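Colleague: I'd like to go through the labels on this one and hear what backs each of them up. Can you take me through it?

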Amino acid sequence: MKKHYSFLWISGWSLSSDIWKPFIQKWPNANHSCLSFENCKTVTQIEDHAIQTFQQIEQKPVIIIGWSLGAMIALQLALRFAEHVDHL
């Protein structure tokens, strides 16, 4: 049985999720979700946005890739939802 992958790509502070496009193209048959914090102004907004985005991913477990602030958020998500995270 072929394994299907879900990726959550998390950008750093004030970066567009467009930075992930070249990487997303490498896995055309995977499920991809991107998360950026361009419109977040507080830590609470960042955390809430990250949790909400993660919970909306239907196909689990998820591979989470983060850059800068996105990497710190990825670690928090992995701790909170460990049973639904495949890799960081």
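Modeller: Sure. Two strands pair if DSSP finds at least two bridges between them. Keep in mind that this is a predicted model.

Colleague: What makes E1 and E2 a pair, then?

Modeller: Five bridges join strand E1, residues 6-10, to E2, and the cut-off asks for at least two, so they count as paired. The two strands run parallel. In that pairing, serine 6 stands opposite asparagine 31 of E2.

Colleague: Why are E2 and E4 called edge strands?

Modeller: The sheet is open, with four strands in the order E2-E1-E3-E4 and parallel pairing. Strand E2 (31-35) and strand E4 (85-87) each pair on one side only. From one strand to the next, the twist averages 30 degrees.

Colleague: Which helices lie across those strands?

Modeller: Helix H2, residues 43-56, lies across E1, E2, strand E3 (62-66) and E4, at about 170 degrees to E2. Helix H3, residues 69-80, lies across E1, E3 and E4, at about 135 degrees to E1.

Colleague: Why is alanine 74 called buried?

Modeller: Alanine 74 has 4% relative accessibility, and buried means under 20%, so the label fits. Alanine 74 belongs to helix H3, and it touches Ile10, Ile64 and Leu88, leaving aside residues up to four places away in sequence.

Colleague: How do you know that cysteine 34 is in no disulfide?

Modeller: The nearest cysteine sulfur, that of cysteine 40, is 15 Å away. A disulfide needs the two sulfur atoms within 2.5 Å, so cysteine 34 doesn't qualify. Cysteine 40 is in no disulfide either, its nearest cysteine sulfur being that of cysteine 34. A search of the whole structure finds zero disulfides.

Colleague: And are those cysteines buried or exposed, or something in between?

Modeller: Cysteine 40 has a relative accessible area of 11%, and the buried limit is under 20%, so cysteine 40 is buried. Cysteine 34 comes out at 35%; exposed would need over 50%, so cysteine 34 is partly exposed.

Colleague: On to the rings. What makes phenylalanine 7 and tryptophan 27 a tilted aromatic pair?

Modeller: Their centres are 4.9 Å apart, with 35 degrees between the planes. Pairing asks for centres within 6.5 Å; stacked means under 30 degrees and edge-to-face over 60, so this pair is tilted. Phenylalanine 7 lies in strand E1 and tryptophan 27 in the loop between helix H1 (21-24) and E2, so the pair ties together parts 20 residues apart in sequence. Phenylalanine 7 is buried at 5% relative accessibility, whereas tryptophan 27 is partly exposed at 39%.

Colleague: How do you know that tryptophan 9 and tryptophan 27 pair as well?

Modeller: That one is 6.2 Å centre to centre with 40 degrees between the planes. The limit is 6.5 Å, so it counts as a pair, and again as a tilted one. Tryptophan 9 is buried, with a relative accessible area of 3%. Ring pairs link Tyr5, Phe7, Trp9, Trp20, Phe23 and Trp27 into a cluster, and the whole structure has eight aromatic pairs.

Colleague: Last one: why is lysine 60 said to sit over the ring of phenylalanine 54?

Modeller: The charged end of lysine 60 is 5.5 Å from the ring centre of phenylalanine 54. The distance limit is within 6 Å, along with a condition of within 35 degrees of the ring normal; lysine 60 is listed as sitting over that ring.

Definitions and conventions:
Residues are numbered from 1 along each chain as its sequence is written. This is a predicted model: local features need pLDDT of at least 70, side-chain atom pairs count only at pLDDT 80 or more; totals for chains, interfaces and linings use all residues. Side-chain values use heavy atoms; hydrogens and water are left out. Axes are lines fitted to C-alpha atoms, for helices over the stretch in contact, and angles run from 0 to 180 degrees between N-to-C directions. Contact means heavy atoms within 4.5 Å. Buried means under 20% relative accessible area, exposed over 50%, partly exposed in between (1.4 Å probe, protein chains only). Rings of Phe, Tyr and Trp (its six-membered ring) pair if their centres lie within 6.5 Å; planes under 30 degrees apart count as stacked, over 60 as edge-to-face and the rest as tilted.
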